[in-house]
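Open the model in your viewer and keep the selection tool at hand. The stops below are meant to be taken in order.

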Amino acid sequence: MNKAKSNIRFWLAGILAFIVGFNAMTLAAKSEEKASKSIDFTLKDQNGKDVSLSDFKGKIVVLEWVNPDCPFTKRHYSPSYNTAVKLVNEYKNKPVVWLSINSTNSHDQDINKAWAKEKGVTHLVLDDSQGTVGKLFGAKSTPHTFIINPDGKLVYKGAFDNDPRGNMPETERVNYVKQVVDDLLTNKEPSVKETKPYGCSVKYKQK
């Protein structure tokens, strides 16, 4: 009898462990799915127009955090390096939207407009000087990039490329943003999903 009771307790313990483990896995999966979904937002562009992330549903969206005063941003928009504008032009006639977001607390729409004009930027530069959107996405540096697929799912976050110092030969440089966007354009799973961002820290507004 004692052996039978012991077997029943063991059997019940096994069922309980399975249920607990299954529930934990389900909650983790739901949490991961929720975290992978992009957050909608609305910000003013350099011309004062409201721009919402949901406006671009069905397209690939690249979010790039910028700060015109940051040396790393300056490098990516310099004539010699010119990573950002070059990519924007490359995807001009494809279902790709490029949004630069400036969360620098001391900057505003006028600064963004002047910077866009100076650098020949034709894509949208959004004013997030309150830091709301930057904190929602967890943007840490300029540049910090996030890529959203046509289904609205966040599929990449991290560095622009593998060249934080900006001194790597172009033949050895890996542009993660281009890599992910090209994968998405050919209906492939992104070959890279997260890398360590580099650059200047985002100068958020202090409470």
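The tour goes through a strand, its neighbours and some aromatic rings in this predicted model.

**Stop 1: strand 3.** Select residues 60-65, which make up strand 3. Six of its six residues are buried, so strand 3 is largely enclosed by the rest of the structure. Now look at the two faces: Ile60, Val62 and Glu64 are on one side, Val61, Leu63 and Trp65 on the other, and all of them are buried. In a regular strand, side chains alternate between the two faces of the sheet.

**Stop 2: the neighbouring strands.** Add residues 96-102, strand 4, which runs parallel to strand 3 and is joined to it by six bridges. Ile60 stands opposite Val96 here. Next add strand 7, which pairs with strand 3 in the antiparallel sense over four bridges. Val62 has Ile147 of strand 7 as its bridge partner.

**Stop 3: the aromatic rings.** How many aromatic pairs are there? The count is seven. Select Phe41 and Phe137 for an edge-to-face pair, with centres 6.1 Å apart and planes at 85°. Phe41 lies in the loop between helix 1 and strand 1 and Phe137 in helix 5, so their pair ties together parts 96 residues apart in sequence. Both rings belong to buried residues.

Then select Trp65 and Phe146, also edge-to-face, at 5.4 Å centre to centre and 70° between the planes. Trp65 is in strand 3 and Phe146 in strand 7, so this pair links parts 81 residues apart in sequence. Trp65 and Phe146 are both buried. Show the four residues together: Phe41, Trp65, Phe137 and Phe146 form one aromatic cluster.

**Stop 4: a charge over a ring.** Finish with Arg75, whose charged end sits over the ring of Tyr81, 5.2 Å from the ring centre.

Conventions:
Residues numbered from 1 in each chain as written. Predicted model: local features only at pLDDT ≥ 70, side-chain atom pairs only at ≥ 80, totals over all residues. Heavy atoms only, no water. Phe/Tyr/Trp six-rings, centres within 6.5 Å; stacked < 30°, edge-to-face > 60°. Buried < 20%, exposed > 50% of the residue type's maximum accessible area, 1.4 Å probe, protein only. Lys NZ or Arg CZ within 6 Å of the ring centre and 35° of its normal. Pairing = 2+ DSSP bridges.
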